[in-house]
Amino acid sequence: MTGIRPDSFCTITFAVRSNAQQIHFPASMKNIVVPTDYSENATHAMHYAAALAQKAHARLVLYHSFPYPVVTDLPPEILQGFIDNTIAEHLERLTEIKQSIEKQYAIEAACVVEVGSVMRDLPTIMEREKGD
């Protein structure tokens, strides 16, 4: 690791199934994007990322996407209303999680909800949010 200063990394220790695990990560991280589907695994990943954000003094971005509804016989305004309502519902849910995470970890967090696919759209979100 020639040329890498020891102080350019942070270390965090987690208890995983009663075993301590140490993780080393770049201290220069400023924005951590966390996709979530609200599952138990996603919740664990979100807390892990929040702990990293706390240690690195980084911002956490909670990201949720849902697929565009495939409906052919609804008028566009009805379909758009459905999409707008779905975004609002997910944004409300993520905002509650965000507030809890901010309080628990004393970090800054943001929420992003979009119609789309995590696999397809994550690179765009990472770029837009300047994710590390």
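This note sets out numbered points on the fold, the nonpolar cores, a buried loop residue and the salt bridges of the structure above.

1. Basis and overall fold. The structure is a predicted model. The protein chain contains three helices and five strands. Read from the N terminus, these elements follow the order β-β-β-α-β-α-β-α.

2. Burial and contact range. The protein chain has 132 residues, of which 35% count as buried. For contacts between residues at least 6 apart in sequence, 63% join residues at least 24 apart. The accessible surface amounts to about 8,600 Å², and carbon and sulfur atoms account for 55% of that area.

3. The largest nonpolar core. This core holds 23 residues, and I32, V34, L60, I101 and I107 have the most contacts inside it. At least two residues of the core come from each of β3 (31-35), α1 (40-56), β4 (59-66), α2 (76-105) and β5 (109-115). Helix α1 gives the largest share, with seven residues. As general background, nonpolar side chains in soluble globular proteins tend to be buried together.

4. The surroundings of L60. Leaving aside residues up to four places away in sequence, L60 touches I32, V34, M46, A49, A50, I101, I107, E108, A109 and A110. I32, V34, I101 and I107, which appear among these partners of L60, are also named with L60 as the residues with the most contacts inside the core.

5. A second core. Separate from the core described above is another of five residues, among them V33, V61, Y63 and V112.

6. T36 in its loop. T36 lies in the loop between β3 and α1. Its relative accessibility is 7%, below the 20% limit, and T36 therefore counts as buried. The T36 side chain reaches the backbone nitrogen of Y38 at 3.0 Å. Beyond residues up to four places away in sequence, T36 touches A42, Y63, H64 and L94. Of these partners of T36, Y63 is also a member of the second core.

7. Salt bridge within α2. Six salt bridges are found in a search of the whole structure. One joins K98 and E102, with the closest N and O atoms 3.2 Å apart. The two residues are separated by about one helical turn, because K98 and E102 are four residues apart in helix α2. The pair lies on either side of the 20% limit for burial: K98 counts as buried at 19% relative accessibility, while E102 counts as partly exposed at 22%. These two labels should be read with the percentages beside them.

8. Salt bridge between R120 and D121. D121 forms a salt bridge with R120, and the closest N and O atoms are 2.8 Å apart. D121 is buried, with a relative accessible area of 13%, whereas R120 is exposed at 57%.

9. Salt bridge between R128 and E129. The side chains of R128 and E129 meet in a salt bridge with an N to O distance of 4.0 Å. The cut-off for a salt bridge is 4 Å, and the distance of this pair should be read with that in mind. E129 is buried, with a relative accessible area of 14%, and R128 is partly exposed at 43%.

10. The network. R128 and E129 belong, together with R59, E108 and E114, to a linked network of salt bridges. E108 is also one of the residues that L60 touches, and L60 is in turn part of the largest nonpolar core.

Note on methods
Residues numbered from 1 in each chain as written. Predicted model: local features only at pLDDT ≥ 70, side-chain atom pairs only at ≥ 80, totals over all residues. Heavy atoms only, no water. Buried < 20%, exposed > 50% of the residue type's maximum accessible area, 1.4 Å probe, protein only. Contact = heavy atoms within 4.5 Å. Areas by Shrake-Rupley, 256 points an atom, 1.4 Å probe, with all protein chains shown as cover. Core = buried A, V, L, I, M, F, W, Y, C linked by side-chain atoms within 4.5 Å. Polar contact = N/O pair within 3.5 Å; in protein donor to acceptor, adjacent residues only side chain to side chain.
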